[in-house]
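Please look through the sequence and the model below, and then follow the paragraphs one by one, with the structure open beside the text.

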Amino acid sequence: MALNRDWHLAHPMPKRPTEAERIAWHRAHAAACACRPIPPRLLERMRTLGIEPPPEPGKRDPRA
């Protein structure tokens, strides 16, 4: 998977992030960088909260 070094340098994960900050960071990360997927436990939490996870890198959204 490709690492977007510039994005990572400009968008560090906050120290001791809240759940909302963590979700926001991972959603932005998924849109900008394909170095790793969103952790499974966070994906499950997002679904529990009714937050639509972004499509995995390289996969089409079936609704498109």
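H29 counts as buried, because its relative accessibility is 2%, and a residue is called buried when that value is under 20%. This histidine has its place in helix α2, and when its neighbours within four places in sequence are left aside, H29 is in contact with W7, H8, C35 and R36. The model in which these contacts are found is a predicted one, a point that should be kept in mind throughout what follows.

Which kind of secondary structure surrounds this residue? The protein has three helices and zero strands, and a reader who follows the sequence from its beginning meets the pattern α-α-α. Helix α1 covers residues 5-10, helix α2 covers residues 19-32, and helix α3 covers residues 40-48. Of the 64 residues in the protein, 17% are buried, and H29, with its 2% relative accessibility, belongs to that buried group.

How confident is the predictor in this picture? The average pLDDT of the protein is 86, and 86% of the residues score at least 70. Among the elements, helix α1 has the lowest mean pLDDT, at 92, while helix α3 has the highest, at 95. As a general caution, predicted coordinates should not be read in detail where pLDDT is low.

Helix α2 holds other residues that are worth visiting in turn. H26 is found in this helix, and it is buried because its relative accessible area is 3%. Apart from its neighbours within four places in sequence, H26 is in contact with M13, R36, I38, P39 and L42. R36 thus appears among the contacts of H26, and R36 is also listed among the contacts of H29.

W25, which lies in helix α2 as well, is buried, with a relative accessible area of 10%. Once the neighbours within four places in sequence are set aside, the residues in contact with W25 are W7, H8, H11, P12, M13, P14 and R36. Of these, W7 and H8 are also in contact with H29, whereas M13 is also in contact with H26. The C-alpha atoms of W25 and H11 are separated by 8.1 Å, although the two residues stand 14 residues apart along the chain.

H11 itself is found in the loop between α1 and α2, where it is partly exposed, with a relative accessible area of 37%. A second residue of helix α2 can be related to this histidine, namely A28, which counts as partly exposed at 36% relative accessibility. A28 and H11 are 17 residues apart in sequence, and their C-alpha atoms are 9.2 Å apart in space.

The loop between α1 and α2 also contains R16, and this arginine is exposed, with a relative accessible area of 81%. Its backbone deserves a closer look: R16 has a positive phi of about 45°, although it is not a glycine. In general, most residues other than glycine have a negative phi.

Is A31, another residue of helix α2, buried or exposed? At 71% relative accessibility, A31 counts as exposed, since the word applies to values over 50%. A31 and E56 are 25 residues apart in sequence, and the distance between them in space is 9.0 Å from C-alpha to C-alpha.

How do helices α2 and α3 meet? Their axes come within 11 Å and cross at roughly 110°, and the two helices are therefore roughly perpendicular to each other, a description that covers angles from 65 to 115 degrees. On the side of α2 the contact is made by E19, R22, I23, H26 and R27, and on the side of α3 by L42, R45 and M46. Sorted by class, the residues of this contact are three nonpolar, one polar and four charged. H26, which takes part here, is the buried histidine described above, and L42 was already named among its contacts.

Two values describe the protein as a whole. Among its contacts with a separation of 6 or more, 39% are between residues 24 or more positions apart. The protein exposes about 5100 Å², and carbon and sulfur atoms supply 55% of this area.

Methods
Residues numbered from 1 in each chain as written. Predicted model: local features only at pLDDT ≥ 70, side-chain atom pairs only at ≥ 80, totals over all residues. Heavy atoms only, no water. Helix = DSSP H or I, 4+ residues; strand = E, 2+ residues; numbered from the N terminus. Buried < 20%, exposed > 50% of the residue type's maximum accessible area, 1.4 Å probe, protein only. Contact = heavy atoms within 4.5 Å. Areas by Shrake-Rupley, 256 points an atom, 1.4 Å probe, with all protein chains shown as cover. Axes fitted to C-alpha atoms, helices over the stretch in contact; angles between N-to-C directions. Parallel < 35°, antiparallel > 145°, perpendicular 65-115°, else oblique. Nonpolar A, V, L, I, M, F, W, Y, C, P; charged D, E, K, R; others polar. pLDDT = per-residue confidence, 0-100.
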